[in-house]
Amino acid sequence: MRLLVVNVNTSEAMTAEIAQAARAAASPGTEIVPLTPDFGPASVEGNYESHLAAVAVCQRVARHTDPYDAVILAGFGDHGREALQEVCRVPVVDITEASAMTAMLLGHSYGVVTTLDRTVPLIRDRLLTAGLTARCAGIRAADVPVLELESDPGSSLDQIVEQARLLVEVDRAEVICLGCGGMAGLSERIAAELSVPVVDGVAAAVTHAESLVRLGLTTSRVRTYARPLPKPVTFPSGAPATIGGAGA
């Protein structure tokens with residue numbers, strides 16, 4: 001089984017961290033293929049950057065011509081999942097939804113700790129669209145820019161743990177979701193601090209994707225995610241307008 005794991009920003013270092021977390025969660029025999037967009041923001045921390053990244057992610061998947069069995073969108077609360085579901089014939093899993101769905105199997109309510117406060121509405125909108133807000137106790141921001149997760153991980157971890165603690169003690173969350181692909185790999189350390197389950201969205205998405213592939217299931221083509229109508233499409237880099245690869 002081969003899974004494409006697509007970073008939503010252009011940081012190669014973050015793509016490497018995401019890939020490491022994905023491989024740690026993958027079953028034996030599952031190959032993780034990390035992808036970084038060819039253009040777009042260095043980090044995604046708002047609507048403009050998220051919409052730009054969605055186009056870049058679609059273009060990057062389009063440029064991948066080798067076979068694959070599923071796609072994982074490694075951006076928490078970011079746009080693009082619906083577009084990928086229209087154009088990919090294989091399952092597409094968003095780490096936001098995979099994280100929340102996993103958390104609801106582990107406790108009555110869950111909370112999300114993310115990077116900057118401005119990203120909270122994007123995450124809430126993504127959870128609302130997915131029908132996952134009813135058991136969301138809260139979303140708190142650690143006031144850590146995405147790229148700081150690379151440059152100063154020690155300081156970032158302390159701030160993330162503090163906001164996760166508030167989610168548990170004040171908001172009464174019973175499970176914590178890590179609300180950024182760049183937080184991949186932090187779940188064990190945070191769980192040890194707070195003694196509650198902590199869900200890494202990348203790891204959760206890998207296991208969800210593997211299950212869908214093994215079940216032989218993919219996205220419904222009735223109405224919402226029907227294939228796009230045939231028409232010329234030009235990407236900024238001149239990439240092909242159709243998704244490539246035997247798995248597409």
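Helices here are DSSP runs of at least four residues, numbered from the N terminus. Keep that in mind, and start with one of them. Helix α2 covers residues 47-63, and Q59 sits in it. One more thing before we go on: this is a predicted model.

So, Q59. Is it buried or exposed? Buried, with a relative accessible area of 1%. Its side chain has a partner. Q59 and D38 are joined by a side-chain polar contact of 3.3 Å.

Next, the salt bridges. How many does the structure hold? The count is 11. I will walk through three of them.

Take E31 and R2. Their closest N and O atoms are 3.0 Å apart. This pair links distant parts of the chain. E31 belongs to strand β2, residues 31-35. R2 belongs to strand β1, residues 2-7. The two residues are 29 apart along the chain. How accessible are they? E31 counts as partly exposed, at 38% relative accessibility. R2 is partly exposed too, at 26%.

Now E97 and R81. Their side chains meet in a salt bridge, at 2.7 Å from N to O. Again the pair links distant parts of the chain. Which helices are involved? E97 is in helix α4, residues 95-103, and R81 is in helix α3, residues 81-87. They are 16 residues apart. Here both partners are buried.

Stay with R81 for a moment. Its relative accessibility is 6%, so R81 counts as buried, the limit being under 20%. The salt bridge to E97 is joined by another link. The side chain of R81 also makes a polar contact with the side chain of Y225, at 2.6 Å.

The third pair is E193 and R165. This salt bridge spans 3.8 Å, N to O. E193 lies in helix α8, residues 187-194, and R165 in helix α7, residues 153-169, so the pair ties together parts that are 28 residues apart in sequence. Both ends are partly accessible. E193 is partly exposed at 49% relative accessibility. R165 is partly exposed at 25%.

Some bridges share partners. Which residues do they join into one network? R81, E82, D94, E97 and R126. We have already met R81 and E97 as a salt-bridge pair.

Back to helix α8 for one more residue. E188 lies there. E188 is exposed, with a relative accessible area of 67%. Now look at V198. E188 and V198 are 10 residues apart along the chain. Their C-alpha atoms are separated by 7.3 Å.

On to the cysteines. How many disulfides are there? Zero. A disulfide needs two cysteine sulfur atoms within 2.5 Å. Why does C136 not make one? The closest cysteine sulfur, in C177, is 7.9 Å from the sulfur of C136, and that is too far for a bond. C180 is in no disulfide either. For C180, the nearest cysteine sulfur is also that of C177, and it is 13 Å away.

Where do these two cysteines sit, inside or out? C136 is buried, with a relative accessible area of 15%. C180 is buried as well, at 10% relative accessibility.

C180 brings us to the last topic: empty space inside. Rolling a probe the size of a water molecule over the atoms shows where such space is left. How many cavities of 30 Å³ or more does a search of the whole structure find? One. Its volume is about 170 Å³.

What lines the cavity? The lining has 22 residues. Which of them lie nearest the centre? V44, F76, D78, V146 and C180. So that buried cysteine turns up again, since C180 counts as buried at 10%.

Helices contribute to the lining too. Helix α1, residues 12-25, supplies at least two of its residues, and so does helix α5, residues 120-129. By class, the lining has 10 nonpolar residues, 10 polar residues and two charged residues.

A quick recap. The model is predicted. It has 11 salt bridges and zero disulfides. R81 bridges to E97 and contacts Y225. Q59 is buried and meets D38. And one cavity of 30 Å³ or more is found, with C180 among the residues nearest its centre.

Terms used
Residues are numbered from 1 along each chain as its sequence is written. This is a predicted model: local features need pLDDT of at least 70, side-chain atom pairs count only at pLDDT 80 or more; totals for chains, interfaces and linings use all residues. Side-chain values use heavy atoms; hydrogens and water are left out. Buried means under 20% relative accessible area, exposed over 50%, partly exposed in between (1.4 Å probe, protein chains only). A salt bridge is a side-chain nitrogen of Lys or Arg within 4 Å of a carboxyl oxygen of Asp or Glu. On a 1 Å grid over the protein atoms alone, a cavity is a set of points where a 1.4 Å probe fits but cannot get out, and a pocket is an open set with protein on both sides within 12 Å along at least five of seven lines; lining residues have an atom within 4 Å of a point. Grid points are joined across faces, edges and corners, and a volume is the space filled by probe spheres set on the points. Ala, Val, Leu, Ile, Met, Phe, Trp, Tyr, Cys and Pro count as nonpolar, Asp, Glu, Lys and Arg as charged, and the others, Gly among them, as polar. A polar contact is a pair of N or O atoms within 3.5 Å; within protein, one must be able to donate a hydrogen and the other to accept it, and residues adjacent in sequence count only if both atoms are side-chain atoms.
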